[in-house]
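Reader: I am new to this structure and would like to learn how to read it. Please give the general idea before each case.

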Amino acid sequence: MTLSFCIDIGVMSGAILYIKDDLKISDVQVEILVGILNLYCLIGAYVAGRTSDWIGRRYTIVVAASIFFVGALLMGFATNYTFLMVGRFVTGIGVGFALLIAPVYTAEVSPASARGFLNSFPEVFINAGLLLGYVSNYAFSKLRADLGWRVMLGAGAILSVFLAVGVLAMPESPRWLIMQGRLGEAKTVLDKTSDTKEEARGRLSDIKAAAGIPEDCTDGIVQVQKQTHGEGVWRELILHPTPAVRHVLICAIGIHFFQQAIGLESVVLYSPRIFEKAGITSSDHKLLATMAVGFSKTTFILVATFLLDKIGRRPLLLISSGGMVVILATLGLSLTVIGHSDKKQTWAVGLCITMVLSSVAVFSIGMGPITWVYSTEIFPLRLRAQGASLGVAVNRVMSGVISMSFISLYKAITIGGAFFLYAGVALVAFFFFFTFLPETRGKTLEEMEGLFGKLVGWREEAKKMKRKRNEANGDGIGNDQIQLGKI
């Protein structure tokens with residue numbers, strides 16, 4: 001589902017070049033058209049949280065694909081700006097559904113040993129979608145200007161059909177099944193998705209405990225306290241959170257906020273304009289350079305999928321955010337030199353292009369995938385869907401703010417100044433991650449509750465948890481775990 005969403009993002013970055021000329025719209029209308037989808041996502045994310053607790057994670061994905069299908073068709077057949085905005089509204093609802101449910105579903109189905117790898121796949125599909133969108137931009141740019149962008153935007157409907165059909169072959173979330181009292185079905189899913197039978201029994205036991213079901217209960221169907229439609233969840237999340245829930249909420253909202261606040265969305269959506277500022281004026285050359293952005297992003301997200309469960313979330317997050325500080329500042333410097341020079345500065349142009357490609361690469365090995373992996377795995381089972389929807393809401397609001405303000409921002413403080421500002425935000429993000437975010441690699445979703453509760457004192461709790469695990473499993477087990485207090 002995220003693949004369809006990001007084909008739309010990738011396509012829009014190039015299609016907007018032709019939409020602006022064909023529909024004769026202003027820069028402000030361009031900003032609104034590009035960024036408003038992120039605000040529409042809020043509605044979809046809110047509804048998806050409740051829907052996924054009601055009909056299940058799997059069928060919620062089908063609903064998301066269906067909504068996106070309708071939105072893509074509306075955009076493809078748009079005859080004017082208003083019609084196009086209606087299509088963006090419907091598409092935004094579908095995107096909100098997808099961004100919430102994809103990571104939640106993957107986290108709940110995956111075993112702990114491969115959760116980072118599997119839960120990073122939505123981000124892999126996001127980047128693959130961006131690359132496909134960029135490629136289709138170049139391919140369809142040869143069509144008539146008034147036809148090409150419509151084909152670009154409407155093509156996403158085809159993929160949505162395949163995704164909706166394909167998801168029906170996938171199992172339902174075992175955690176959702178247990179919350180419905182369907183223990184027999186959940187056990188079958190856990191047996192298929194766990195590395196060993198022992199792990200499946202352990203996961204079943206942990207989820208039963210989290211759902212308030214007695215350990216010795218072996219019935220196929222049991223009665224459970226019905227809180228599957230969000231009753232009391234918002235009160236526990238917002239009004240009366242425990243210290244552990246408050247810590248989780250701060251981490252989830254913070255990581256989503258900073259993922260977008262560092263301005264990477266500006267690079268992805270407005271890369272043709274950035275390359276134009278760097279001196280690349282040909283539309284074909286700008287689209288080709290944008291394809292390089294998509295290729296770089298996709299390549300490095302694949303690298304990240306294999307590192308998440310080997311190195312851990314926290315080290316990659318710190319490397320990524322620290323790298324973004326340097327890269328964004330360097331990009332700001334190169335664009336400032338180009339903007340203040342009467343002659344073409346070849347070295348500055350080369351440095352600018354290199355930094356654009358480096359920014360998406362470094363983002364993709366850490367802040368890109370880890371945001372979605374981390375923010376879904378740290379919430380307790382009873383709060384997961386609504387908690388994840390809060391994270392998605394913050395993410396989409398910030399994405400909308402960044403994408404709808406970039407052109408106005410660089411006109412106000414120069415394009416180089418805009419990236420200096422983003423570099424400052426990335427520096428704040430680095431210190432936030434370093435201070436507040438514990439490592440979660442190798443922990444079961446149910447163990448997360450014991451890891452959180454002390455905003456700046458979590459390292460001691462992590463050490464205790466590690467010692468207990470070593471004592472329970474023998475000295476040789478757990479030695480590969482990261483020394484959290486030293487990172």
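Author: Helices (H or I, at least four residues) and strands (E, at least two) are DSSP runs, numbered from the N terminus. This is a predicted model, where local features need pLDDT of at least 70, side-chain atom pairs count only at pLDDT 80 or more, and totals for chains, interfaces and linings use all residues. Residues are numbered from 1 along each chain as its sequence is written, and side-chain values use heavy atoms, leaving out hydrogens and water.

Reader: Which helices each supply at least two residues of the nonpolar patch?

Author: Patches are made of residues with over 30% relative accessible area and no salt bridge (a side-chain nitrogen of Lys or Arg within 4 Å of a carboxyl oxygen of Asp or Glu); nonpolar side chains (Val, Leu, Ile, Met, Phe, Trp, Tyr) are joined within 5 Å, like charges within 9 Å. Here the helices are α3 (57-76) and α8 (156-167), and α3 gives the largest share, three residues. The patch consists of F69, V70, L73, F77, V161 and V165, with about 520 Å² of accessible area together (Shrake-Rupley method, 1.4 Å probe, only the protein chains shown counting as cover).

Reader: Is S52 buried or exposed?

Author: Buried means under 20% relative accessible area, exposed over 50%, partly exposed in between (1.4 Å probe, protein chains only). S52, in helix α2 (residues 27-55), is buried because its relative accessibility is 1%.

Reader: Which residues does S52 touch?

Author: Contact means heavy atoms within 4.5 Å. Not counting residues up to four places away in sequence, S52 touches R57, T60, I101, W176 and A385.
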